[in-house]
Amino acid sequence: LYADNTTLGADNGLGVAAIMAIMEDGSLQHGPLEPLITADEETGIYGAFGLKGGELEGELLLNLDSEEEGVFTVCCAGGVRVNATIPLTFESVPADSVAYKITVSGLMGGHSGVDIDKGRESANRLIIRFLKKLGERVPFGLYALEGGQLDNVICPEANAVIVLKNDESEIEKLLGSASEYDAIFKNELAAGDPNVKVTASVCEL
């Protein structure tokens with residue numbers, strides 16, 4: 001099973017191959033089967049959504065979209081995609097400000113389904129946690145925030161750019177907080193994400 005310029009079936013090649021092998025093997029003894037192979041699962045499950053009611057007669061579904069041979073998926077927690085709009089107040093960057101890039105990195109990341117039980121943390125959650133605590137110590141403005149590329153991934157790295165007063169004591173509080181939370185996260189995630197890092201470095205806007 002192959003195609004040009006596409007990874008046809010690569011996300012679940014094992015399941016597709018198993019279905020096709022069963023259907024062409026006349027020596028196997030089994031009851032009536034209805035093979036169902038859908039497309040575009042990763043981009044929005046459009047193939048499954050396009051399936052019309054009443055097209056299938058079976059009452060039992062064996063989901064072969066698993067990661068290992070010999071594994072059946074018998075249930076699913078599902079997923080929700082949310083588009084959220086948060087009102088923001090925009091301000092000009094004061095002339096006496098300095099910009100710092102905050103990075104939470106070194107996380108293993110992974111698939112939000114397959115690796116959800118491995119104790120891996122999301123960089124998005126960690127960087128928000130750090131920024132929230134930092135805001136209690138140092139007044140700053142948020143210039144940029146980004147992390148992750150897909151909604152079914154445990155985010156391995158997140159970045160924020162903040163602006164704060166170009167004052168030695170304020171900068172020391174920022175750097176001290178980054179060092180403190182680097183140690184906190186390393187301690188909390190020693191089992192699942194031992195290489196987590198929190199860094200703060202001066203940058204240009």
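For the charge count used here, Lys and Arg are taken as positive and Asp and Glu as negative, while His and the chain ends are not counted; the place of a charge is NZ of Lys, CZ of Arg, CG of Asp or CD of Glu. On that basis, the mean positions of the 14 positive and 33 negative charges of the protein chain lie 13 Å apart.

The model is predicted, so that local features need pLDDT of at least 70 and side-chain atom pairs count only at pLDDT 80 or more, whereas totals for chains, interfaces and linings use all residues. Residues are numbered from 1 along each chain as its sequence is written, and side-chain values use heavy atoms, with hydrogens and water left out.

**Overall form**

The protein chain contains four helices and six strands, where helices (H or I, at least four residues) and strands (E, at least two) are DSSP runs numbered from the N terminus. Along the sequence these elements follow the pattern α-α-β-β-α-β-β-β-α-β. The radius of gyration of the protein chain is 24 Å, well over the 17 Å that the globule rule gives for 205 residues, so the chain is more spread out than a compact globule; this radius is taken over C-alpha atoms, and the rule is 2.2 Å times the number of residues to the power 0.38. Along the principal axes, the C-alpha atoms of the protein chain fill a box of roughly 80 × 35 × 35 Å.

Of the 205 residues, 23% count as buried, a class defined by under 20% relative accessible area, with exposed meaning over 50% and partly exposed in between (1.4 Å probe, protein chains only). The protein chain exposes about 14900 Å², of which carbon and sulfur atoms supply 53%; accessible areas come from the Shrake-Rupley method with a 1.4 Å probe, and for residues only the protein chains shown count as cover. With contact meaning heavy atoms within 4.5 Å, residues 24 or more positions apart account for 65% of the contacts in the protein chain that have a separation of 6 or more.

**The nonpolar core**

A nonpolar core is a set of buried Ala, Val, Leu, Ile, Met, Phe, Trp, Tyr and Cys residues joined through side-chain atoms within 4.5 Å. The largest has 25 residues, and V104, I162 and L164 are those with the most contacts inside it. Two or more residues of this core come from each of β1 (97-105), α3 (123-135), β5 (158-165) and α4 (168-188), and α3 gives the most, with six residues. Leaving aside neighbours within four places in sequence, I162 is in contact with residues including V98, I102, L131, L134, F140 and L174.

**Three loop residues**

The table lists relative accessible areas for residues placed in loops.

| Residue | Loop | Relative accessible area | Class |
|---|---|---|---|
| S122 | between β2 (110-111) and α3 | 14% | buried |
| N63 | between α2 (46-49) and β1 | 30% | partly exposed |
| P194 | between α4 and β6 (197-203) | 42% | partly exposed |

Not counting residues up to four places away in sequence, S122 touches L107, I154 and C155, N63 touches F72 and T73, and P194 touches K186 and L189. The C-alpha atoms of N63 and G15, 48 residues apart along the chain, are separated by 8.4 Å, while those of P194 and V153, 41 residues apart along the chain, are separated by 19 Å.
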